[in-house]
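This report looks at pairs of charged side chains and at where they sit. The sequence and structure are shown below.

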Amino acid sequence: MECLLQKTEMKLLSTWLVLLIVNQAISILKTEEVTWHPTYHLAPPKGWINDPNGLIYHNGCYHAFFQYNPENNKEGTKYWGHARSYDMLNWEYLPIALSPSLEDDINGIFSGSAVNIHGKLVLIYTGVSDNFNKQRQMVAISSDDVNFEKRGVVIIKDKDESNFRDPKAWFQNGSWWVVMGSQTTDKLGEVLLYSSNDFFNWTYQGVLAGGNESLGYMWECPDFFTINGKQILVVSPQGIKQDGFNYQNLYQTGYFVGDWEPGKNYTIKKGFTEIDHGHDFYASQSFLAPDGRRIQISWLDMWESVFAENVTGWSGMFTIPREISLTDSGDLLSKPIREILEKRNQNTDIFDTIISSNQMLTLNNSVFSSEILIEFNFLNSSCQAIQLFLKEEPTIDEGVVLYVDFELNRLFMERYYPKYGLDKSNRSVAIDLSLSKLSLDIFVDSSSIEVFVNDGVAVMSSRIYPNNNQRKFSVAPVNGYVNISLISYDIVVKNQ
Ligand code: FRU
């Protein structure tokens, strides 16, 4: 009897211990919820988000809609969430703009875009029904920029309706135009073009662009716009296979450069090129700011990623809005929007300093909501590589390492958070290290890092999951010394 009691007590004790450990883990994660929710990026207060939708400057402010599952922090049924902002950094969350309610959108409100028609905010989106097999383009209109009245289906694809989504609309030469992500009967990605005089009656204009096997089986989220007289097509293909350092993510977002005008074919001059080289960047959409800048925002995540934050009630975030431009040789440049300069609060300034061989410069123990602007001067450096750490200690494996590799002429980003299921993996981008300088503009938020190289020539964006004690930023040259200048800022964005 005594023994039985002891056994029961032991069982109770072990159950209690297990509960204690689980509770502790939950409370650690709860603390991390506070620290992982971004301070200057758009992310849902709760629930799941993916693609940016309907980006537009309208009636004096910026609107961002987003693929949203308000029910829980998993993929689920899609709604359009809605936020507005005066600076694209400080977002006010508005009521849900579109919910599944009609026969044609009952399985979800997929991605789409926004336009201004006679002062009214008009949305065109993909309504999904028949267990995702029917994807039809639908319109909704608002009179107050907050509440939307659905106007039903406006575009139906003749044959297979199962992969026909993400309308991106614009006005040109007196007509409305829309590009659609689609798939050929041979299972290749393609973009279809439609035009309309009234935004309700649309005429099919043919295939704007299509891929071959090396460019995947489906193209999502097309975007089509002019910069410097060149016509850029951005698409997010699914199914591209990794090729050395290229296409290392499960899905990609990239661009083509070519020529196009209404009524003519799109002639492509530069083939598909990835826009960002980090672990997490997908489903970009762009729009024009009132001053003519083309701004691009993307989902700073990737389908089928770990989303360590989702145990804490939310999932997914957007990139910093980026001003994109085109060089004369047809390369896309991405720079953080200049509005972010007004949010800087300077905290460190190191000018023209040598870090000797075997030495380390530790900048800051709590890089949290920060920008670190670094310039390496190679005219006065001898090292063979440079390492930059965002970790508890550089000697500890877990965390982020940026690695400037002079042998391969590449910048690597390694990310490793094993306790949240993120295995060690690196991404990289080619950089020109024959130049006398290298500048890295590094933006860290609670659970993200975005590295802009040499004024936007390359960008690497990744989600990261540091605890509060894993936010020490240090720089160390490898086999030699390096000359460095550095300014770091806290990015302070007050919530509305
Ligand atoms: C891209 C995408 C779109 C679709 C939406 C669904 O990430 O798959 O093609 O409209 O997400 O949430």
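Is Arg 151 buried, partly exposed or exposed? The model is predicted, and in it Arg 151 counts as partly exposed, with 43% relative accessibility. Its salt-bridge partner is Glu 149, and the closest N and O atoms of the two are 3.1 Å apart. Glu 149 has 48% relative accessibility and also counts as partly exposed, because that class runs from 20% to 50%.

Side chains of opposite charge can pair when their charged atoms come close. The structure holds 25 salt bridges. Three of them are set out here.

| Salt bridge | Closest N and O atoms |
|---|---|
| Glu 149 with Arg 151 | 3.1 Å |
| Arg 165 with Glu 220 | 2.7 Å |
| Arg 463 with Glu 309 | 3.0 Å |

Arg 165 forms a salt bridge with Glu 220. Arg 165 belongs to strand β9 (residues 164-172) and Glu 220 to strand β13 (residues 218-227), so this pair ties together parts 55 residues apart in sequence. Both residues, Arg 165 and Glu 220, are buried.

A further salt bridge joins the side chains of Arg 463 and Glu 309. Here distant parts of the chain are linked: Arg 463 is in strand β31 (residues 458-463), Glu 309 is in the loop between β18 (294-299) and β19 (314-315), and the two are 154 residues apart. Arg 463 is buried, its relative accessible area being 1%. Glu 309 counts as buried too, at 0% relative accessibility.

Salt bridges can also share partners. In this way Asp 291, Arg 293, Arg 338 and Glu 339 are joined into one network.

How values were computed. Residues numbered from 1 in each chain as written. Predicted model: local features only at pLDDT ≥ 70, side-chain atom pairs only at ≥ 80, totals over all residues. Heavy atoms only, no water. Salt bridge = Lys/Arg side-chain N within 4 Å of Asp/Glu carboxyl O. Buried < 20%, exposed > 50% of the residue type's maximum accessible area, 1.4 Å probe, protein only. Helix = DSSP H or I, 4+ residues; strand = E, 2+ residues; numbered from the N terminus.
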